[in-house]
2 protein chains.
Amino acid sequence: MPLVVVGSVALDTVETPNEKRENLLGGSGSYFCYAASYFTPVKLVSVVGEDWPQEHTELLQSRNIDTAGLQVLPGEKTFHWSGRYHQNMNQRDTVDVQLNAMNRFDPVLPESYRRCQFLFLANDPPPLQRKVLRQCTGASLIVADTMDLWIDREREELLALLKEIDGLVLNDSEAQMLTGESNLVRAAHLVRELGPRFVVLKKGEHGAMFAGKHETYVMPAYPTANVVDPTGAGDSFAGGMMGYLAEQGNFEPETLKTAMAYGTLTASFTVEDFSIDRLKQIEREDLDERLEEYRRMLSF
Amino acid sequence: MPLVVVGSVALDTVETPNEKRENLLGGSGSYFCYAASYFTPVKLVSVVGEDWPQEHTELLQSRNIDTAGLQVLPGEKTFHWSGRYHQNMNQRDTVDVQLNAMNRFDPVLPESYRRCQFLFLANDPPPLQRKVLRQCTGASLIVADTMDLWIDREREELLALLKEIDGLVLNDSEAQMLTGESNLVRAAHLVRELGPRFVVLKKGEHGAMFAGKHETYVMPAYPTANVVDPTGAGDSFAGGMMGYLAEQGNFEPETLKTAMAYGTLTASFTVEDFSIDRLKQIEREDLDERLEEYRRMLSF
C-alpha cells in the first residue's frame with residue numbers, strides 16, 4: 001500500500017572527524033522516503049526553494065517516490081542544516097540552521113494522497129503535523145516523530161497530537177525529557193499512556209525499544225564498525241519500519257516486530273556513508289540478506 | 001564442571017534515589033559466585049575480615065559454593081564500598097572505599113581448586129590476576145574482568161595479562177579508554193587483538209556485545225522497568241555467563257552465545273533488588289523461563 005510522509009527536505013553540510021561535505025541531500029523526509037522506497041510506493045510532502053537541484057527530485061522519482069506533494073517556492077532557498085560530529089560520533093553539534101523555505105511550509109496534500117492508509121509525520125512542529133492529520137481522514141495507521149524542541153516549546157500541541165496518532169517514534173533522551181522518567185522502559189510506557197497505541201524509542205548505536213500495551217521488546221542496532229555519517233539514521237529507521245508495514249498492509253504485532261528489524265537494518269546501511277549515498281548502492285535483497293544475518297545474530 | 005572465581009567480597013553501603021542500605025553483601029566475587037551457582041558448583045577465592053558475618057558464608061555454602069578459598073584475616077575488617085546512584089541509575093558516584101582486608105589479599109588457591117578447567121578472574125589488580133593464573137595451569141578457559149583504574153595505572157601488567165587469557169569482560173567505556181577508539185565494534189575488536197580470543201563489552205542498560213575472531217553480535221538487556229539497585233549487574237552477568245559455560249563444559253560459539261543470554265538474564269534479576277536479595281528468591285527455572293521469554297522477544 002502507498003505510504004505518505006510529510007517531512008523536511010534539506011541541503012546539509014556535515015562535518016565528521018574525518019571529512020567535511022557540503023550541500024548533501026538531507027532532511028527527515030528525504031531519508032524517510034528513500035528508506036521506505038525499498039518496500040512500497042511513497043508519496044512525499046515537503047517544500048524546497050529555487051536552488052533545489054532537479055536531479056534530486058529525479059533521483060527520488062526513480063525510486064517510485066511520488067513528488068507531486070513537493071512544493072518549490074519561488075524566491076526561496078532550500079532548508080539548510082549544518083552539523084558537526086565529535087570524535088565520538090554519537091555526539092554532534094548543530095552548527096547552523098537556515099529554515100528558508102521550511103519557514104513557509106504549509107502542507108497541502110494532493111487529492112491523490114488523501115486516501116492513503118499509512119501516514120508518517122516526520123519531525124515538524126506539532127501544529128503542522130496536526131494540520132496534515134486533518135487532511136488524511138482515511139488513514140488507518142498514523143505514526144509521528146518529534147524532537148526536544150517541540151517537547152520544550154510546543155508541549156500542549158504535542159500532547160494534543162499524541163491523542164490523535166497510533167504510534168510515536170522518538171529518541172530515548174526525548175522520552176526522558178517528555179516524562180521526567182530516566183528508566184527507559186518506564187519512560188516509553190509513560191509516553192504510550194499519553195495517547196499512542198505504541199511507542200518506539202530510538203537509542204542510536206544501542207538500537208530501538210518497542211512499547212505496546214501488551215509487550216515491550218528491544219532490538220539492538222546492527223553492529224557497524226564503519227560509521228561514516230550517522231545523519232538520517234533515525235529517519236531511515238522510521239522509513240524502513242513504516243515502509244515494511246505499508247508493504248504488508250497491516251500492523252499486527254508480528255508485522256510490527258519485523259518492521260522494527262527492517263528499520264534497524266535500513267539505518268545500518270545509511271550510516272555507512274554520507275547522505276543517502278550508501279542506500280543508493282543497495283537493493284531490497286541487500287536488506288533481506290542483512291535481515292537473515294541479523295536474525296541469526298539474535299538466535300541462540 | 002566446577003568453576004573457580006577470584007574476586008572481592010565486600011560489605012556495601014548503597015544509596016539510590018529512593019533508599020539507603022548499609023552493610024549489604026557485595027563485591028565482585030560474591031555477585032559472581034551466587035549468579036554462577038544456578039549452573040555449576042563454584043569455588044570462591046577471596047578475603048574478608050573478622051567482622052564478616054558467618055551467615056553470609058553459610059548462605060554461599062547453601063548454594064553449593066565452596067568457600068575453602070575464602071580467607072578470614074584476623075585483626076582486619078572486610079572490604080567496604082559505598083556508592084550513591086543518581087536519579088538516572090546508570091550514573092553513580094563512589095562515595096567511599098575502605099580496602100581493609102583486600103589490601104593484604106594474597107590469593108593462594110587450595111589444592112582442590114587448581115585442576116579446575118574454568119577460571120574467572122574478577123576485577124582485581126592485574127598483577128594479582130596473573131599470580132592466580134600461574135596457580136591454575138590446567139585451566140582450559142580463563143576469562144578476566146578489569147576496570148578503568150587498572151587501564152590507567154597498571155596498563156603494562158594488564159597488557160601482559162591479555163596475552164595469557166582466553167576472554168576479557170569489560171565495560172564499553174573501558175574498552176574505549178583502553179583503545180582510544182569510540183566506535184564500540186572497533187574498540188571491542190582492538191581489545192581482542194591485544195590477546196584474548198574473545199571480548200565481551202558490557203553496555204549496562206543497553207546489553208552486551210560479543211567480539212570473536214569470526215563473529216560480532218549484540219544482545220540487548222532484558223527490558224526491566226523496576227531497577228532497584230544496579231550494583232553487581234556486571235558481575236552477575238559474568239557469573240551467569242561463566243556458570244553456563246562451565247555447566248556445558250565447552251565454549252563453542254553456540255554455547256558462548258547462550259551463555260551471553262544467561263548472563264544478561266541473571267543480571268536482569270540482580271538489579272530488581274539490593275545486593276543479591278532478588279537472586280535469593282529465584283531458582284534455575286526462573287532463569288530458564290525468562291530465557292524463553294527473551295528468546296521470543298528476539299525472534300521475528
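Start in chain B and select Glu15(B) together with Arg84(B): the two are bridge partners, with Arg84(B) sitting in strand 6 of chain B. Keep in mind as you click around that this is a predicted model.

**Stop 1: around strand 2 of chain B**

Now widen the selection to the strands themselves. Strand 2 of chain B and strand 6 (residues 80-85) of chain B run parallel, joined by five bridges. Next, add residues 20-26 of chain B, which make up strand 3. Which way does this strand run relative to strand 2 (residues 10-15) of chain B, parallel or antiparallel? Antiparallel, again with five bridges between the two. For one pair to zoom in on, pick Leu11(B) and its bridge partner in strand 3, Leu25(B). Then trace the backbone from strand 2 of chain B into strand 3 of chain B: you'll go round a hairpin of four residues.

While the strands are on screen, try showing side chains. In a regular strand they alternate between the two faces of the sheet.

**Stop 2: the sheet in chain A**

Hop over to chain A and colour strands 3, 2, 6 and 7. They form an open sheet of four strands in just that order, with mixed pairing. Strand 3 (20-26) and strand 7 (92-98) of chain A are at the edges with a single partner strand each, so each has one side without a neighbour in the sheet. Look along the sheet for the twist, which averages 20° from one strand to the next.

Further in, select residues 10-15 and 80-85 of chain A, which are strands 2 and 6: they run parallel and share five bridges. A pair to click here is Asp12(A) with its bridge partner in strand 6, Trp81(A).

**Stop 3: two helices in chain A**

Select residues 172-179 (helix 6) and 184-192 (helix 7) of chain A; they pack at about 65°, with axes 9 Å apart. That angle makes helix 6 of chain A roughly perpendicular to helix 7 of chain A. The crossing is left-handed. To see where they meet, show Asp172(A), Ala175(A), Gln176(A), Leu178(A) and Thr179(A) from helix 6 against Leu184(A), Ala187(A), Ala188(A), Leu190(A) and Val191(A) from helix 7. By class, that contact has seven nonpolar, two polar and one charged residues.

**Stop 4: where the chains touch**

Finally, show both chains. How many residues of chain B are in contact with chain A? There are 31, and they touch 31 residues of chain A. On the chain B side, select helix 7 (184-192), strand 13 (216-219) and helix 9 (253-270), the elements that give two or more residues each. Colour that side by class and you'll get 16 nonpolar, 10 polar and five charged residues.

How values were computed: Residues numbered from 1 in each chain as written. Chains lettered and ligands numbered in written order. Predicted model: local features only at pLDDT ≥ 70, side-chain atom pairs only at ≥ 80, totals over all residues. Pairing = 2+ DSSP bridges. Axes fitted to C-alpha atoms, helices over the stretch in contact; angles between N-to-C directions. Parallel < 35°, antiparallel > 145°, perpendicular 65-115°, else oblique. Left-handed = near helix turned anticlockwise from the far one by under 90°. Contact = placed C-beta atoms within 7 Å. Nonpolar A, V, L, I, M, F, W, Y, C, P; charged D, E, K, R; others polar.
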